[in-house]
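Visitor: I'm new to looking at protein models. Could you walk me through this one?

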Amino acid sequence: MFIRVAVPVPALDLLTYRLPAGTAVPAVGARVVVPLGSRIVTGVVVDTAPALGNGLSADAMKPIREVLDAEAFIPSDVVDLARWTAEYYAAGPGETIAAVLPPKARGGRADAHKTMRVAAITAAGLGAVQAGPVAPHLTAKQREALEILAGVPAGIPTPQLAARGIAADAVSRLARHGLVSVRRDRVDRDPFDATSFHATPADTLRRLTPEQTAAFERLRTLADTGSFHVALLHGVTGSGKTEIYLRLSAALRARNRTVLMLVPEIGLTPAMVSLFRQALGDRVAIQHSGLSDGERHDQWQRIRRGDIDVVVGTRSAVFAPIDRVGLIVVDEEHDGSYKQEESPRYNGRDVAIVRGQRANALVVLASATPSMESYHNAMNGRYARIVLERRVLDRALAAVTVVDMREEYAENGSDVVLSRVLERAIAARLDRQEQSLILLNRRGFATAVFCRQCAGTLNCPNCSVSLVIHGERSARRAQCHYCNYSTRVPSACPLCAGPYLEQTGFGTERVEAEVRRLCSAARVARLDRDAVRRKGALGLLLSRFRDGDIDVLVGTQMIAKGHDFPRVTLVGVVSADVGLGMADFRASERTFQLLTQVAGRAGRGEQPGEAIVQTLYPEHYSIQLACRQDYPAFYARELQFRRAMRYPPLVSIINTIVRSPTFAGAMEDAGDIVQRLRQADGERGEFRVLGPAPAPLGRLRGEYRAQLLVKSSNRKRMKEALVAAIAARPDLQRRVVVDVDPVSVL
Ligand code: ADP
Ligand code: ZN
């Protein structure tokens, strides 16, 4: 018998091992310990076969060392989904399976739970208690322990006994005499701390609006068919989409089917879990990478045991080991964080659709600003399209004012961060005790250091980017956002030694400082990746804001996502065009989404909302149409551009980056792949290959990067040709990154 095993090593194909005689055939999805070169690793069985294919010699096959699980550890449908993912995204099956495994699963048997010692009285112990004082070998303490335990035959955890004055060694002595038994019980670590999070009180008797009702009924009808469907739920911000997920989930549970609820950000999971637990009870699990290994492991095991009706999580939760899935919701489906930016480079939304197809489930893609891909599929009839045009309770969308910063600079100098309009609007909110969100999608204090003598800039020694200034005035440092290189801000130019260094450009830290300077009475906080590095910091910041302890929250796109803060009545966007300068075909789409989403954070409570958008390009269509919140017009305009330039959703693309110690080497190797692709395409002319060219980020961590972009309507053939081209150059394998359906081509 031969076993094919996925081992967690990047870019390695499945490996075949021999099953030693007398060993039971392991199930697909069971973990096995196997030799790999001089190492011993834990892999997952993906296939078993009684005979080998041609050219393989049974003698050369190494035997499996040990089978760790009597049954599948990963359900076989999830193993298949991982294999599909590896294939589609041109990743190794082993690294993909590794991404599916819960933490700690590679170490040993599946009993790495947190356990707790529980003491229970035995029959002999009961006899001793009943014998009373005539049982001479008992101390008073031991007798007391037995009496307590006699009252709780199921047993008492030892920490509780300790709290009642019965120390662990007393329990151990009783156990040695056979009067008490001690067992280990599993305790599930539940990361959801109900005390730290207060959801907006749910009104369970709340009536759905007519629009919500119609959407819910249509979706329920689709779910009730019990066959695969995808629906795009296009609902403006604040239209009450969450309420629909909750009711659909309840309907599915009544039919004994489970739900996968995907959200784009770890920070959105507590609110979502809280709503689901209020609506459906405790059988709701969480899966995301911000949990400790132990928490994640325990939650995974709960799901695997079938103790769960709903899994709420970020992209990797699409691989949760849940059975009988009837509904998969991808909330904010347009969000770039569904794409994993390391191998396997999968898009959780697209894997969700494949999972839904295999499970005969309904997949709901929901967004106020659908991705071009999903809307395209809805328009051409592949997805059902369901629209929520109105906010609940007839709340108006925020009124948007555009501030032309060219005029502002002309009048007040190019140093201005907050326009007068925005400054006054923040002050008005402070007077009325309402809250403001201020967005700038760029971290740091200043974004470059410029020498006025030689015109040089302070660059990263390892990457082709300028260093960003961070920190308080007294401890300011220059950092690279790509490799984490960091240095003191020099007082003289490193190139010409001139003393005329100037900090230019600004990020969230500068905006925060400006708000403090202009509104000294305001309680100001900042939300970006730097501010929430510590575990728990994000949740704390969000709950302080929700509780009204913060007046003005300044942040990156992290503040734009999904949150429902009813007391926010002002949203300010400091530089709406930050993303438009990027050499990325999705730049306009991303700008439109970000502006629409962040404007949607204002006016979600009783008070109407206002958004103020500062920009240097007020005439750009993505800014204009976002301000009018006109999605269909944006889609039509953007589709013209995608068609003219041949970009998704009209063709598929694969981005490839080749790394090399030298610039010439990177370009040459990328050129070689381009040649091979052209050859493979031949007369057919199905591929359009751009490159080789220096990648937009031409140097990263000391290595040079060349890029090639392939476009085709035939994604499968394009990918196969690319995989074959790389396979023909084994020396390149570890220096090439292949990104199928890239979200960013930078
Ligand atoms: P979306 O996800 O579409 O942006 P949410 O689901 O966050 O919107 O809902 C916005 C707000 O409206 C939430 O505070 C929610 O509790 C509330 N809400 C939803 N449905 C109703 C309803 N039928 N009646 C009253 N309030 C509702
Ligand atoms: Zn760097």
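Guide: Sure! A term to start with: a residue counts as buried when its relative accessible area is under 20%, and as exposed when that area is over 50%. Also keep in mind that this is a predicted model.

Visitor: Is Thr615 buried or exposed?
Guide: The cut-off for buried is under 20% relative accessible area. Thr615 has a value of 1%, so this residue is buried.

Visitor: Which strand holds Thr615?
Guide: Look for the stretch that covers residues 610-615. Thr615 is part of it, and the strand is β26.

Visitor: Which residues does Thr615 touch, not counting those up to four places away in sequence?
Guide: Touching here takes heavy atoms within 4.5 Å. With sequence neighbours up to four places away left out, the list for Thr615 is Val402, Val403, Asp404, Met405, Ala576, Asp577 and Ile623.

Visitor: Let's try Ala626. Where does it lie, and is it buried or exposed?
Guide: Ala626 sits in helix α18, which covers residues 621-627. Its relative accessible area is 3%, so Ala626 is buried.

Visitor: What is Ala626 in contact with, leaving aside neighbours within four places in sequence?
Guide: Again, contact takes heavy atoms within 4.5 Å. For Ala626 that gives Phe592, Leu595, Thr596 and Tyr621.

Visitor: What distance separates the C-alpha atoms of Ala626 and Thr213?
Guide: Along the chain, these two are 413 residues apart. In space, their C-alpha atoms are separated by 27 Å.

Visitor: Now the ligand. Which residues come nearest to ligand 1?
Guide: There are 16 residues around ligand 1. Those that come nearest are Arg207, Gln212, Gly238, Thr242 and Asp564.

Visitor: How many residues in the shell around ligand 1 are nonpolar, polar and charged?
Guide: You can sort the shell by residue type. The split is four nonpolar, seven polar and five charged.

Visitor: Which atoms of Gln212, Gly238 and Arg604 lie by ligand 1, and how much of the ligand does the protein bury?
Guide: Gln212 has a polar side-chain atom 2.8 Å from a nitrogen atom of ligand 1, and Gly238 has a backbone N or O atom 2.6 Å from an oxygen atom of the ligand. For Arg604, an N or O atom in the side chain is 3.0 Å from an oxygen atom of ligand 1. Taken alone, ligand 1 exposes 570 Å², and the share of that buried by the protein is 86%.

Visitor: How far apart do the C-alpha centres of domain 4 and domain 5 lie?
Guide: Domain 4 comes in two pieces, 399-443 and 507-641, while domain 5 covers 445-505. Their C-alpha centres lie 26 Å apart.

Visitor: And how many residues does each give to the contact?
Guide: Count one side at a time. Domain 4 gives seven residues, and domain 5 gives six residues.

Visitor: Which peptide bonds are cis?
Guide: Most peptide bonds are trans, so a cis one catches the eye. Pro344 is in the loop between β13 and α11, and Pro649 is in the loop between α19 and β27. The cis bonds here include Ser343 to Pro344, with omega about -5°, and Pro648 to Pro649, with omega near 10°.

Visitor: What is the phi of Asn360?
Guide: Most residues other than glycine have a negative phi. Asn360, found in the loop between α11 and β14, is not a glycine, yet its phi is positive, at about 55°.

Key
Residues are numbered from 1 along each chain as its sequence is written. Chains are lettered from A and ligands numbered from 1 in the order in which they are written. This is a predicted model: local features need pLDDT of at least 70, side-chain atom pairs count only at pLDDT 80 or more; totals for chains, interfaces and linings use all residues. Side-chain values use heavy atoms; hydrogens and water are left out. Helices (H or I, at least four residues) and strands (E, at least two) are DSSP runs, numbered from the N terminus. Buried means under 20% relative accessible area, exposed over 50%, partly exposed in between (1.4 Å probe, protein chains only). A residue is near a molecule or strand if one of its heavy atoms lies within 4 Å of it. A polar contact is a pair of N or O atoms within 3.5 Å; within protein, one must be able to donate a hydrogen and the other to accept it, and residues adjacent in sequence count only if both atoms are side-chain atoms. Accessible areas come from the Shrake-Rupley method with a 1.4 Å probe; for residues, only the protein chains shown count as cover. Ala, Val, Leu, Ile, Met, Phe, Trp, Tyr, Cys and Pro count as nonpolar, Asp, Glu, Lys and Arg as charged, and the others, Gly among them, as polar. Domain bounds come from an automatic or database domain assignment.
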